[in-house]
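Here are my notes on the model you sent over. I've kept them as numbered points so you can follow along with the structure open.

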Amino acid sequence: MDQSLKRTASHLKGETRYIDDLDKPNNVLYGFIYRSNFAYGKIEKIDIEEAKRVKDVFAILSYKDIPGKNFMGAVFDDEPILAEEHVEFIGQAILLIAAKSKSAAFEAITKIKVDIKELEPVLDVEESYTKGNFPFDPLHIVSGDVEEGFAKSDFVIEGVLNTGCQEHFYLETQAAMSVPKPDGTILVKTSSQNPSENQLIISHALKLESSKIEVVTDIIGGGFGGKETQSNWCAVWTSLLANHCAVPVIMVMDRREDMLITGKRHPVKTTYKAGFNKNGRLNAYSAKFLFDIGFSADLSRSIIERSLLHLDNSYYIPSVKCDLYPCRTNKPSNTAFRGFGAPQSIAAIEYVMEEISRVTGIDAAVVRNRNFYGKSVRNTAPYGQKIKDNIIGDLYKELLKTSDYKQRVKSLKEFNKSSKWKKRGISMVPVKFGISFTTSFLNQGAALVNMYKDGSLVVHQGGVEMGQGLYDKMMNVVSREFGITKESVRICSTNISVIPNTSATAASTGSDINGHAIKLAIDRLKNRLNDFISLNYSWGKEDIVWENSFIFSKKNPEIRYPISEIIKNAYLAQVSLSEQAYYKTPGIHFDRVIARGNPFYYYVFGLSVSEVEVDMLTGAHKIIRTDILHDVGESLDKLIDKGQIEGAFVQCSGWATMEELVYNSKGALLTASPDSYKIPGIADIPQDFRVNLYEKNPFNAGILKSRAVGEPPFIYGLSVWLAIKNALIYFNKKSCRLDLPATKEKILKCAYSYVESDKN
Ligand code: MTE
Ligand code: HPA
Ligand code: MOS
């Protein structure tokens with residue numbers, strides 16, 4: 001069995017070892033934090049004398065004990081490792097504790113005395129906006145003349161839409177273990193999407209050069225964006241404690257703490273205005289987006305930027321004027337989450353599409369089709385990039401047929417006529433998702449390919465495996481590019497001392513960036529070996545074929561040698577069997593100030609249709625059927641890609657219909673555990689779920705002609721929410737805003753808010 005299969009088999013048996021499952025050294029200490037109970041306050045006094053005397057407590061550290069800088073923010077220095085004068089959200093770390101046991105640490109926590117003068121927090125995004133609480137400049141985009149567009153429109157609608165928070169709910173909570181070495185270096189094992197950034201933050205905090213900090217990430221139990229920056233926390237906290245105590249320190253957040261203190265998907269309040277014609281075509285779209293970013297900037301600027309770059313979704317909008325505000329509040333700092341801001345602005349324009357359908361009476365799928373980007377005209381995005389290789393129209397034609405859309409709309413109308421309390425709705429949601437980090441320089445990757453004398457191969461690359469199937473995909477690249485069986489290939493865990501300066505495994509670019517780097521390294525190594533073979537075996541270089549771990553000449557394919565034999569001879573002839581390569585994505589740039597450029601190497605397109613049935617007595621819904629048609633070019637691995645599409649859809653349908661974070665008036669999260677925060681379960685997936693890969697559109701410039709898959713299919717889950725909105729129209733003809741998540745309560749409010757005035 002090859003490494004991919006073995007890993008999958010053991011993973012399914014629950015044998016994957018996350019940080020908490022590692023063998024711990026005998027002298028390990030457990031790290032904990034002492035947290036703020038106030039959303040905003042001034043720290044007046046800290047007394048740790050009594051707590052320090054608790055048996056088995058080895059250290060209690062404050063910001064004053066940090067040898068270097070007290071910052072752990074990704075982009076801005078506005079996020080302290082430990083609070084200094086003020087606390088800015090409930091759960092913020094004030095002190096670090098290292099103890100021999102959890103119970104000792106907890107006893108110490110009860111004996112720590114911190115006096116905090118409570119101050120008035122800002123918890124509401126509107127209040128923050130009114131006060132101009134923006135830690136960095138708001139983002140704007142203008143293209144065309146919206147006033148002119150509204151003036152010439154048959155209809156102009158205005159509205160508000162709120163989209164909610166979302167907890168990442170990765171299987172493995174945030175965790176790290178730091179092991180100090182006698183030579184003054186430190187080894188950090190971390191559950192991170194971004195080990196290089198862990199290294200950088202530790203380097204600043206400990207005043208230690210990066211070269212002395214070895215950061216290793218083995219398979220992590222999910223990230224979904226939540227470990228792009230906020231994995232810095234455990235990594236730097238354990239490193240500070242380990243450095244101070246000179247012994248290994250491990251920290252694994254429990255689920256409650258993780259949910260309480262880490263950031264979520266940004267909630268957004270959108271106020272929109274849309275002008276369109278009787279035929280359903282948009283002329284103008286303007287919107288104000290208020291992002292609740294939490295107490296610090298974290299990745300919010302990039303997230304808001306991606307929102308801006310997706311507010312058109314798949315539609316050509318002749319004139320656009322949108323303003324996106326980063327509103328600071330006294331809550332945990334919101335962060336990356338699958339889609340990275342795009343789902344929020346796409347939700348707004350998709351909501352508008354449904355509203356256009358309601359106002360004009362034209363079927364919503366037809367409205368969408370009329371607004372799709374064209375192939376040769378109407379094909380420039382508001383930020384100036386030409387939408388090349390646009391296949392959304394082709395996908396539309398195909399899905400309309402395969403999902404039997406028109407017939408089902410008819411049947412659904414029949415059903416709704418005869419069913420009083422149960423109503424069905426349907427919605428089609430497309431996606432156009434830009435692939436590349438919008439921070440252009442992050443689009444780089446590297447790989448190191450080492451061959452041993454027996455012809456077996458180890459591959460180091462900069463990406464992190466978090467369940468998305470990166471290692472398996474990289475294995476496929478290696479085995480196909482090299483012509484070597486998978487049994488002889490090993491993909492190593494991510495080690496920043498081997499591959500330096502890695503970008504986060506994020507923006508769905510993991511397999512593109514690292515796959516291209518691996519391919520380049522293989523090309524070079526193979527080229528060198530082919531020189532050797534050509535010389536020693538008297539074969540024309542261009543005739544040499546590597547296949548299934550054998551090497552032969554096309555001219556004489558009967559004579560074939562095992563790779564192991566030829567590689568041994570190459571070694572004896574002093575040919576290097578190791579190769580490194582570096583890849584950067586070509587031709588992309590974006591100027592945030594003017595909101596213009598070509599930020600994306602390419603786009604991923606796809607389309608979904610969901611039909612739901614809503615019980616108007618309880619507000620409960622079920623997804624009767626979902627069809628998805630998604631373009632991944634030539635798939636690097638069809639099963640993985642299907643899994644990513646299904647998982648992303650379900651994850652979004654959770655955000656869109658059931659996952660709700662509730663804070664009290666003091667800024668405390670009331671839903672910090674799975675008993676009060678509901679994520680989709682097995683019963684919440686579509687009863688009939690048809691996911692198909694569109695196989696007619698290979699991407700020649702991609703790695704093995706593939707396209708990225710990680711984030712784009714998240715958008716499809718919006719079709720569930722909008723199908724519910726559609727069903728509501730059959731029950732209550734008056735329009736009613738259906739914010740996201742469309743929980744049972746919200747559905748019932750919409751169903752009945754106008755009933756009294758309604759004659760029916
Ligand atoms: N799939 C699983 N199982 N677990 C994850 O944490 N993260 C998603 C997506 N799919 C994630 C996942 C996110 S947010 C991104 S950006 C991509 O995977 C990152 O991996 P890739 O670039 O290799 O696709
Ligand atoms: N996506 C995900 N993570 C990021 C990005 C992005 O576009 N930019 C910086 N970090
Ligand atoms: Mo994904 S939100 O880019 O980690």
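**Notes on the predicted model**

1. Let's start with a small sheet. Three strands make up an open sheet in the order S4-S2-S6, and the pairing is antiparallel. Strand S4 (86-87) and strand S6 (113-118) are the edge strands, each with a single partner strand, so one side of each is left without a neighbour in the sheet. Keep in mind that this is a predicted model.

2. If you want a landmark in that sheet, look at the S2-S6 pair. Strand S2 (residues 41-47) runs antiparallel to S6, and six bridges join them. Here you'll find Lys42 standing opposite Lys117 in S6.

3. Next comes a sheet with a different layout. This open sheet has four strands, ordered S16-S27-S28-S29, and its pairing is mixed. At the edges you'll see strand S16 (422-435) and strand S29 (688-694); each has a single partner strand, so one side of each is left without a neighbour in the sheet. On average, neighbouring strands of this sheet are turned by 10 degrees against each other, if you ignore direction.

4. Stay with the S29 edge for a moment. Strand S28 (residues 621-631) and S29 run parallel, with seven bridges joining them. Across this pairing, Ile628 stands opposite Val691 in S29.

5. Now for a strand with two faces. In a regular strand the side chains alternate between the two faces of the sheet. Strand S24 (residues 578-584) shows the alternation nicely: Glu579, Ala581 and Tyr583 point to one face and are buried, while Ser578, Gln580, Tyr582 and Lys584 point to the other and are not. S24 is joined by seven bridges to strand S17 (residues 444-451), and the two run antiparallel. Val449 is the residue that stands opposite Glu579, one of the buried side chains of S24.

6. How many residues of strand S11 (residues 213-217) are buried? Four of the five are, so S11 is largely enclosed by the rest of the structure. Strand S10 (residues 186-190) runs parallel to S11, and four bridges join the two. One of the pairings to look up is Leu187, whose bridge partner in S11 is Glu214.

7. On to ligand 1. It is surrounded by 18 residues, and the closest are Gly223, Phe224, Met466, Gly510 and Gln644. Several backbone atoms come up here. An oxygen atom of ligand 1 lies 2.7 Å from a backbone N or O atom of Gly223, and an oxygen atom of the ligand is 2.9 Å from a polar backbone atom of Phe224. For Gly510, a backbone N or O atom is 2.7 Å from an oxygen atom of ligand 1. On its own, ligand 1 has 520 Å² of accessible area, and the protein covers 92% of that. Sorted by class, its shell has four nonpolar, 12 polar and two charged residues.

8. Which residues are around ligand 2? They are Glu228, Ser302, Arg306, Phe340, Phe437, Thr438, Thr439, Leu442, Ala506 and Ala507. By class that shell has five nonpolar, three polar and two charged residues. Two side chains are worth a look: an N or O atom in the side chain of Glu228 is 2.8 Å from a nitrogen atom of ligand 2, and one in the side chain of Arg306 is 3.0 Å from an oxygen atom of the ligand. From the backbone, a polar atom of Thr438 is 3.4 Å from an oxygen atom of ligand 2. The protein covers 98% of the 260 Å² of accessible area that ligand 2 has on its own.

9. Finally, some backbone oddities to check by eye. Most residues other than glycine have a negative phi, and most peptide bonds are trans. Phe169 is not a glycine, yet has a positive phi of about 50 degrees; you'll find Phe169 in the loop between strand S8 (155-163) and strand S9 (175-180). Gln574, also not a glycine, has a positive phi of about 60 degrees and lies in the loop between helix H16 (563-572) and S24. Is Gln574 buried or exposed? Its relative accessibility is 75%, so Gln574 counts as exposed, the cut-off being over 50%. As for peptide bonds, the one from Leu740 to Pro741 is cis, with omega near 10 degrees. Pro741 is in the loop between helix H18 (718-731) and helix H19 (744-752).

Technical notes. Residues numbered from 1 in each chain as written. Chains lettered and ligands numbered in written order. Predicted model: local features only at pLDDT ≥ 70, side-chain atom pairs only at ≥ 80, totals over all residues. Heavy atoms only, no water. Pairing = 2+ DSSP bridges. Axes fitted to C-alpha atoms, helices over the stretch in contact; angles between N-to-C directions. Near = heavy atom within 4 Å. Polar contact = N/O pair within 3.5 Å; in protein donor to acceptor, adjacent residues only side chain to side chain. Areas by Shrake-Rupley, 256 points an atom, 1.4 Å probe, with all protein chains shown as cover. Nonpolar A, V, L, I, M, F, W, Y, C, P; charged D, E, K, R; others polar. Buried < 20%, exposed > 50% of the residue type's maximum accessible area, 1.4 Å probe, protein only.
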